[in-house]
Amino acid sequence: MRTKKDYIKGLSKMKRNIYFDGQLIDRTDELQMDCLNTIGLTYDEAEKPENQELCTAISHLTGERINRFTHIHQNKEDLHRKQDMTRMLCQKVGGCIQRCMGIDASNAVYNVSYEADKMNNGATQYHENFKKWLTRFQKEDLIGCCAQTDVKGDRMLRPAEQPNPDAYVHIKERLKDGIVVSGCKVHISEASVADEVLVVPTRALRRDDKDYAVAFAVPGDWDGLKQVVTIHNLRPREHFKRGMVQGATDSYMIFEDCFVPWDRVFLAGENLLGGAMALLFALFHRHSYSGCKPAIGDLMLGTAALAAEANNIHKESHVREKLAELIMITELGYAAGYTASDLGKPELYVPGHGFVPFGPGSYIPHSIYCNVGRCLTGEAVFREAEILCDISGGVTATFPHEKDFLNPDTGDLLLKYTRRNKEMPVEDQAQLWRFLGDGLCSATGGIAKIGSYHGGGSPIMEQIAITTQYDIESRKKLVRFIAGMSGGDREALSKNLKPTK
Ligand SMILES: Cc1cc2nc3c(=O)[nH]c(=O)nc-3n(C[C@H](O)[C@H](O)[C@H](O)COP(=O)(O)OP(=O)(O)OC[C@H]3O[C@@H](n4cnc5c(N)ncnc54)[C@H](O)[C@@H]3O)c2cc1C
């Protein structure tokens, strides 16, 4: 396994293809360091003997110990550990750990490439291609990002109907030695600090859309790929430092007549499986949310409780209600992910067929619980912010900048007027309002909320998944019987109704 130092050294050797605010920048540019330090923790923590079980795994391909972020889930325990590792690491960095996209996309491609070869009766070797790629990914302990979301153009038109054919990444040409792709993937987290980019389709696809059913992996600095990055750093602090500074980046990834050799292609034209890959990445990613969102809930709760203490209102009943609400959102999200892990199987829910065996035997978390957990916690982010805003008051919005606390003309006066609860040192009260301002009032805090709401799929996507998969009909029959209506199902009373049909 690599160290954080090896990871950063590897990035420093990559070609420059990252644009930020009009400039071409290096991957190790100072601006990206907060993000590199955030991901770096996944290497540091995996080295610790006490974290071996949680942060590392044994590769089913090589039998070697690998970082869990490169692992294919072999059983329920692996799903539980991914969830717990994610929660633990996100708590430690104080936000998104930035490494789950690679593991989630790898698990999706691993399963779908296998099914595609099976469907093609051995005419393709996507799965072997992927296993070769995965072996190197694991051995070299690489960082992968997942480029799924296309620019999508007119939302009411399907890919093949778009006036701009590049509105979705697609195969432009098929050559003897590979394919040529064009299009643009957007909002791709950590792409500017990733070694490898896994590209997967973004939606269900019809036969006409088959050129859009494409999955492949290329290094982040591949020829024909340009990245335009937005870097989300908190306002730098010179004097009153934070204990940990989390950073993040998101890229527009522009593929211009980009050649991809066949051994890096994992799907090329199988429209039904393109849709399955889109759904499966989303599913694994929604499961990851059941680790990261509870960690963010942990931070929200700690912040709200401290803000209440700073204001000396912590014994008030309205505060208790709000703290309970934060805990309920957090732990329901965690419980949904836990159940999704526990009911995990090498099976996928296929509308009209129910759960069917899928892939070569690796574990897929239960769809209903992944979607329920992500939707519940994703939609709650603005309510959580409202609770923090309510408990802390207006101070987070207008708290003076740090140098005003160092200026002899204003410093002591500001401390005097910052003091609220005499039991809490005033310097701590000041640090807390600075921290709260970072989360509630900064551009970075706003971006994190939009990411929490839309990342992994907007709530509407989870609602569609939940309502199309849930067995609503059996519940109707149950009520019909109990209410004495026609068409009731007496049997339903003795059945243990399952979530899915
Ligand atoms: C910070 C951040 C990080 C992200 N990281 C990644 C990443 O690493 N990888 C990745 O692939 N993606 C990433 N995403 C993208 C994320 O998955 C998408 O934002 C999400 O899927 C929503 O897509 P969209 O932004 O195109 O919004 P849209 O899909 O355009 O949604 C906007 C509105 O339009 C509605 N709508 C859209 N289409 C239809 C339709 N056909 N019919 C009716 N209503 C419709 C939606 O319901 C919604 O209300 C990230 C996003 C953010 C904000």
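These legends accompany a set of close-up views of a predicted model.

**View 1. The whole chain, before zooming in.** This opening view takes in the protein chain, whose secondary structure comes to 18 helices and 14 strands. Its C-alpha atoms fill a box of roughly 75 × 70 × 50 Å along the principal axes. For 501 residues, a compact globule would have a radius of gyration near 23 Å, and the protein chain agrees with that at 24 Å. Buried residues account for 47% of the 501. If you like thinking in contact maps, take the contacts between residues at least 6 apart in sequence: 75% of them join residues at least 24 apart.

**View 2. Two domains side by side.** The protein chain is divided into domain 1 (4-271) and domain 2 (277-469). Taken over C-alpha atoms, the centres of the two domains are separated by 24 Å. Where they meet, 47 residues of domain 1 are in contact with 37 residues of domain 2. On the domain 1 side, helix 4 (76-93) and helix 5 (100-119) each supply at least two of the touching residues. That side of domain 1 divides into 20 nonpolar, 16 polar and 11 charged residues.

**View 3. The shell around the ligand.** Which residues come closest to the ligand? Of the 20 residues that surround it, the closest are Gln-148, Thr-149, His-187, Ser-189 and Gly-451. Strand 5 (144-147), strand 7 (178-189) and helix 15 (443-454) are the elements that give two or more residues to this shell. Helix 15 gives the most, with 4 residues. Sorted by class, the shell holds 8 nonpolar, 9 polar and 3 charged residues. Where does the ligand lie with respect to domain 1 and domain 2? Both domains give residues to the shell, so the ligand lies between them.

**View 4. Helix 15 and the glycine that follows.** Here we stay with the element that gives the most to the ligand shell. Helix 15 has 12 residues, and its first and last C-alpha atoms are 17 Å apart, close to the 16 Å expected at 1.5 Å a residue. Just after the helix, Gly-456 takes a positive phi of about 85°.

**View 5. Helix 4 and its cover.** Helix 4 runs for 18 residues and reaches 26 Å from its first C-alpha to its last, close to the expected 26 Å. Its buried residues include Asp-78, Leu-79, His-80, Arg-81, Met-85, Leu-89 and Val-93. What covers the buried residues of helix 4? The cover includes helix 2 (33-47), helix 3 (52-55), strand 3 (56-58), helix 5, helix 7 and helix 8 (317-342). Just beyond the end of helix 4, Gly-94 has a positive phi of about 75°.

**View 6. Ala-278 on helix 7.** Ala-278 is found in helix 7, which covers residues 271-310. Is Ala-278 buried or exposed? It counts as buried, because 22 C-beta neighbours lie inside 10 Å, and 20 or more is the mark for that label. Setting aside neighbours within four places in sequence, Ala-278 is in contact with Gln-148, Val-200, Pro-201, Thr-202, Arg-203 and Ala-204. Gln-148 will be familiar from the ligand view, as one of the closest residues there. Thr-444, by contrast, is 166 residues from Ala-278 in sequence and 28 Å away in space, C-alpha to C-alpha.

**View 7. Two aspartates with positive phi.** Most residues other than glycine have a negative phi. Asp-141 nevertheless has a positive phi of about 55°, and Asp-257 has one of about 40°. Asp-141 is found in the loop between helix 6 (126-139) and strand 5, whereas Asp-257 is found in strand 11 (residues 248-261). Their surroundings make a useful pair to look at. Asp-141 is buried, with 20 other C-beta atoms within 10 Å, while Asp-257 is exposed, with 11 such atoms within 10 Å.

**View 8. Met-485 in its loop.** The last view moves to the loop between helix 17 (472-482) and helix 18 (491-494), where Met-485 has its place. Met-485 is exposed because it has 11 other C-beta atoms within 10 Å, and 12 or fewer makes a residue exposed. For a sense of scale, His-314 is 171 residues from Met-485 along the chain, and their C-alpha atoms are separated by 51 Å.

Key:
Residues are numbered from 1 along each chain as its sequence is written. This is a predicted model: local features need pLDDT of at least 70, side-chain atom pairs count only at pLDDT 80 or more; totals for chains, interfaces and linings use all residues. A residue is near a molecule or strand if its C-beta atom, placed from the backbone, lies within 6 Å of it. Ala, Val, Leu, Ile, Met, Phe, Trp, Tyr, Cys and Pro count as nonpolar, Asp, Glu, Lys and Arg as charged, and the others, Gly among them, as polar. Domain bounds come from an automatic or database domain assignment. The expected span of a helix is 1.5 Å times one less than its number of residues. Two residues are in contact if their C-beta atoms, placed from the backbone, lie within 7 Å. The radius of gyration is taken over C-alpha atoms; the globule rule is 2.2 Å times the number of residues to the power 0.38.
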